[in-house]
Every structure is written in structure tokens, then in C-alpha cells.
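Trainee: Could you take me through one helix pair up close? I'd like to see how the two pack and which residues do the touching.

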Amino acid sequence: MTSNKKRNFNDHQRNILNGYFKYLKGKRYSRRTIDTYLYLIADMVEFYRDHGVETLNDRDIELFIEHKVTGERFSISTQRQFMSALKLFVTYFPNTEIAHLEMPRRIKGRKLPEVLSIEEVLRLIQVTHNLKHRTILAMLYSCGLRIGELLELRLADIHFERKQIQIRNAKGRKDRYVVLAESMMPLLSNYLMSYAPNEYLIEGQTGHKYSASSVRKFLKRSCKLAKIDRPITPHTLRHSYATHLLEQGIGIRHIQDLLGHSRPETTMIYTHLTRKDLLNVASPLDTALRSIDQNGNREQNFLNLGS
């Protein structure tokens, strides 16, 4: 969401945005949330740069959203983020004419996340020959990590003797522990000996944190090599981890803790993805044909309309 583009603000607008930044920081929002909210509000201020921020009203907000939706494909989730950012902005800077913040929001359709099969995950890791890249994919899947959690993971938070990883200050500012897979140990040891990172598990060439864009780039190449032609992201590996745990019979409550979800409803979406129970559900057509066969009729050619 953040951008390095130059913005044309006057001193008054810059002071307001700097104050908003400090306000969010004082509220202890995560750096990612602060960057996102500041970016969205800066977009709005820039859109109305020839107007005083104090003059903005409800209609101005509607026009801004309409412009973003039609011109820049403002997604529903981004619009929701903007509304959350705007509520905080108006609390921090009440000297506007914005009064009605409960604007109608489109209901976000429930789109089931993409999930890889276990075979596809193994193939994806197998075709990724670069040791660092392979370690990243294996860690994302084996621990069910968000991409940001992996890139923020420090060596000090990997407890090899307990086979646990401590995820600090994750989404919702929560800490949690995840299991370090036994099968990860040889790969992880090989990676650590080969790359010898200093502070973070995954570091770039200069010793700084690795970038999410780099992960997405090599993941795209690996998907092509693995002959996976669906849109796959690093988060797909997390979805696959949760779905496969559910298929193994792990309870929703445990999966919720491992994923760091605040609400069980968020974890429940994976019940729609699991194949374990669905594969045992008989089609009503099969049931009907078996009934015909049991009554002395032959079902073999029942669907052969030409016979």
C-alpha cells in the first residue's frame, strides 16, 4: 500500500499529516497499519490539495471514493481500510465538515481462498532449487506463517531444542508459538550454515530484511516450473497449511491458535475447503442408481441414453 511517489503538499497539509502519523503511533498501531492509513489519507488530501482540509465534507468523501473505485480499482477491502483510517483522522483532526462516517459499504462476497494439494506443495518446494527460496517456501507452509511474519522473524525467536518458533507482535499485536516441523531441521541447518544470517532468519544481500516482492517474484517462477497455473501467493501456503491440518483431524480451536486468528469465525472458512468429509459424501444420483439395482433392475446402462 505504501508508495515512494512524491506528493505536492503545502506546509499546512504536511503538518496535519505529520500530526496524524504521530497520533497513530501514540495509539500503538503497527507500522504496517500506520503506513497504510497514512497513505490513504495522504491520497485524499492530495486529491483535494487545492481545498482546505477543514472544508472537506461527506460529499467530498463520496466523490473521492467514486474516483478511486472507477479510476484506480479501489477494492472493497481498501475502501474499508480507508473508512477506518478516516474515522481515526476525524478523531485526530475534528476541524472538518465530515459528519456522517457510517457510509454504506458493499458487502464483501465470501470468496474461498485458493489452496494447493499436498502433492502440489511438495512439487513446488522440489522445483525451487535456490536454497534460500526453498527455505522460505517450506517455512511458510510448514509453520502457516504470514509473509510479514516470516520476514520479521529473528534468529533469537527460533527455539530449536523445543522445535518451536515465537511469532512476536503479529497481526492484532499478538504473540504466539508455532511448531517447527521435524522435517524442516536439515533444510534449516543447511540454510543457516550456507547463508549465516546475522539478525533475521531471511536477509537480503546487504543484511537487511528480505522483501515480500522478491518472494512473490520467485514464487511465480516456481509455480511455472511446478506446472501450477492458478494464481498462487505466499498466503496460499498458509491457507494450504490450515486446510491440510483440518483434513488431518486437527480441531478448529488448535488451528485458530496456530494461525493467530482472533475469532474462530475466521478459521471456520477452512471447513469449506477440506476434502476429508466431502469425499465420503455419496452423490444422490449414485444412491438412486444403487436403489434401482437393489430392486432387481440393472443400473449399468441407465445413463446410456442411446441404449
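Mentor: Sure, starting with bookkeeping: helices (H or I, at least four residues) and strands (E, at least two) are DSSP runs, numbered from the N terminus. On that count the protein chain has 13 helices and three strands. It's a predicted model, where local features need pLDDT of at least 70 and side-chain atom pairs count only at pLDDT 80 or more, while totals for chains, interfaces and linings use all residues. Residues are numbered from 1 along each chain as its sequence is written, and side-chain values use heavy atoms, with hydrogens and water left out.

Now the pair: helix α6 (residues 131-143) and helix α8 (residues 184-195) have axes that come within 10 Å and cross at roughly 140 degrees. Axes here are lines fitted to C-alpha atoms, for helices over the stretch in contact, with angles from 0 to 180 degrees between N-to-C directions. Under 35 degrees is roughly parallel, over 145 roughly antiparallel, 65 to 115 roughly perpendicular and the rest oblique, so α6 and α8 are oblique to each other. Their crossing is left-handed, meaning the near helix is turned anticlockwise from the far one by less than a right angle.

As for who touches whom, contact means heavy atoms within 4.5 Å. From α6 come Leu131, Lys132, Arg134, Thr135, Ala138, Met139 and Ser142, and they meet Met184, Leu187, Leu188, Asn190, Tyr191, Ser194 and Tyr195 of α8. That contact splits into eight nonpolar, four polar and two charged residues (nonpolar: Ala, Val, Leu, Ile, Met, Phe, Trp, Tyr, Cys and Pro; charged: Asp, Glu, Lys and Arg; polar: the others, Gly among them).
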